[in-house]
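Colleague: Could you walk me through this entry, one question at a time? Let's have it on screen before we start.

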Amino acid sequence: MFNQVTIIGVGLIGGSIGLGLRARGLARTVTGVGRDPSRLQEALERGAVDRFTTDPQTGLAGAELVVIAVPVGSIIPVLRSVVPHLRPGTIVTDVGSCKAAVVAAAEEVTPTGVHFVGGHPMAGSEQAGIGGADRYLFEGAYYVLTPTPNTERRALDRVRAMAEGLGCRVIEMEPQEHDRAVAAVSHLPHLLACTLVNTVAGMEGSERALALAAGGYRDTTRVAAGNPEMWLDIFLANRRMLKALLDRFRSELNTIEDALEEGEPERITAWLEAARRSREGLPARMKGYLKDLHEVTITISDRPGTIAAVASILGRHEINISDLEILRVREGEGGTVRLAFGTEHDRDRAAELLAREGIPVTKR
Ligand SMILES: NC(=O)c1ccc[n+]([C@@H]2O[C@H](COP(=O)([O-])OP(=O)(O)OC[C@H]3O[C@@H](n4cnc5c(N)ncnc54)[C@H](O)[C@@H]3O)[C@@H](O)[C@H]2O)c1
Ligand SMILES: O=C(O)C(=O)C[C@]1(C(=O)O)C=C[C@@H](O)C=C1
């Protein structure tokens, strides 16, 4: 439990941390610091902070933990501007998506007696601002902490306690290792999603083609709707790692391009099979944590209350749905929904109960 946490930048991530801290009673007071009083007022109304101010000095008075949740390129300028107001013993953490440069600079900027711990929650969304904040955003997500030999043990433990308190599984990584990993699983995917969207948008007849977009286009491009301000900073901060991966990507693209050029079914199949094996090896629930979920897919009709009906059949039998995802929507017809359960027994009972009600079910 923290006495006072000050969040600088109460947007999607800062706001979600504030909501989580307050809902779980992890901080006596959460103070929001930002630049725009109307957005801070919204954060207050949504319950992400207990109070707010646009004056950092006021907002930092008495802070035990300071969470810097601004775009990557602003983290160090913000840290520089607030250190004069921090009393000895204050712990400062950030949530930036790139760590090596931030952590190195933060250690230089932080005065003796103030303790910096780099962090990055591996959950988010394509939305920006307090409007997209969600108290459950971090539940079941990985939270990476990037201590260095200079990191104070107690400060690390306290930031770990905050992240675990929010429902995350904490892993420690070296800042460089973190940046290499997220370049592959977050930054390259974002770049590719944007490339795909721009490719299709620029092609002749794109409007008619996009009218047909179903799962393929939607599943591979959701993140392209992300906040350009945030992604500019990420791309710049991690550009070396990203560029190294683009070389690998280009060679992979060449492999499939050559096979297509030659029209060689064996090479195309081998390439597709390799991708399928790797993709299927991923835990179903990408947030990590609840790896061993047991799943069914159901096909439901497009009528108000269908999902509620499914939930109430299961609820009546005390079967908890651990995860729910709409996989495919057919406008006016219905769609396919994935339901996941914590045990095989629950999955089997759910399948039986839903089938009994005439809902087509497939175990996965
Ligand atoms: N969005 C995600 O999916 C995600 C996930 C994990 C980590 N992150 C990281 O979290 C950080 C915040 O991202 P977000 O998605 O919450 O962005 P956001 O745009 O929703 O929120 C950022 C907030 O910081 C404020 N801000 C910007 N510059 C500021 C400054 N100089 N002083 C004070 N406030 C300032 C903005 O007004 C806004 O309220 C970024 O470093 C991002 O890389 C984002
Ligand atoms: O789910 C999304 O929308 C995200 O883009 C989240 C995502 C990611 O790539 O996984 C994006 C950037 C953050 O640094 C961490 C998580």
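**Salt bridges, ligand shells and surface**

Colleague: How does E164 count: buried, exposed or partly exposed?
Modeller: E164 has a relative accessible area of 40%. Buried means under 20%, exposed over 50% and partly exposed in between, with a 1.4 Å probe and protein chains only. The value for E164 falls in the middle band, so the class is partly exposed.

Colleague: Good. Before I trust that, what pLDDT do local features need here?
Modeller: Happy to set the ground rules: residues are numbered from 1 along each chain as its sequence is written, chains are lettered from A and ligands numbered from 1 in the order in which they are written, and side-chain values use heavy atoms, without hydrogens and water. This is a predicted model, in which totals for chains, interfaces and linings use all residues, side-chain atom pairs count only at pLDDT 80 or more, and local features need pLDDT of at least 70.

Colleague: Back to E164, then: which residue does its side chain meet in a salt bridge?
Modeller: A salt bridge here is a side-chain nitrogen of Lys or Arg within 4 Å of a carboxyl oxygen of Asp or Glu. The pair with E164 has an N to O distance of 3.2 Å, and both residues lie in helix 6 (residues 153-165), four residues apart, about one turn of the helix. Helices are DSSP runs of H or I with at least four residues, strands are runs of E with at least two, and both are numbered from the N terminus. The partner, partly exposed at 23% relative accessibility, is R160.

Colleague: Which helix holds both R356 and E352?
Modeller: Their side chains meet in a salt bridge at 3.0 Å, N to O. R356 counts as exposed at 60% relative accessibility, while E352 is partly exposed at 48%. They sit four residues apart, about one turn, within helix 14 (residues 344-356).

Colleague: And R347, is that one buried or exposed?
Modeller: R347 forms a salt bridge with D348 at 2.9 Å, N to O. D348 is partly exposed, with a relative accessible area of 28%. R347 has 9% relative accessibility, so R347 counts as buried.

Colleague: How many salt bridges does a search of the whole structure find?
Modeller: Besides the pairs above, there is a network that links E295, D323, E325 and R338. The search of the whole structure gives a total of 19.

Colleague: On to the ligands. How much of the accessible area of ligand 1 does the protein cover?
Modeller: Polar contacts are pairs of N or O atoms within 3.5 Å; within protein, one must be able to donate a hydrogen and the other to accept it, and residues adjacent in sequence count only if both atoms are side-chain atoms. Oxygen atoms of ligand 1 have such contacts with the side chains of S97 at 2.6 Å, R39 at 3.1 Å and R35 at 3.3 Å. Of the 820 Å² that ligand 1 has on its own, the protein covers 88%.

Colleague: How many residues of the shell around ligand 1 are nonpolar?
Modeller: A residue is near a molecule or strand if one of its heavy atoms lies within 4 Å of it, and 25 residues surround ligand 1, with L12, I13, V70, S97 and G129 coming nearest. Ala, Val, Leu, Ile, Met, Phe, Trp, Tyr, Cys and Pro count as nonpolar, Asp, Glu, Lys and Arg as charged, and the others, Gly among them, as polar. The shell has two charged and nine polar residues, and the nonpolar ones number 14.

Colleague: Which side chain lies 2.6 Å from an oxygen atom of ligand 2?
Modeller: The shell of ligand 2 includes S97, M122, S186 and W231, and divides into three nonpolar, five polar and two charged residues. The R222 side chain has an N or O atom 2.8 Å from a ligand oxygen, and a polar backbone atom of G124 is 3.5 Å from one. The protein covers 81% of the 370 Å² of accessible area that ligand 2 has on its own. The side chain with a polar atom at 2.6 Å is that of H120.

Colleague: Lastly, how far apart are the C-alpha atoms of E42 and T220?
Modeller: E42 is in helix 2 (residues 37-46) and counts as partly exposed at 33% relative accessibility. E42 and T220 are 178 residues apart along the chain, and their C-alpha atoms are separated by 32 Å.

Notes
Accessible areas come from the Shrake-Rupley method with a 1.4 Å probe; for residues, only the protein chains shown count as cover.
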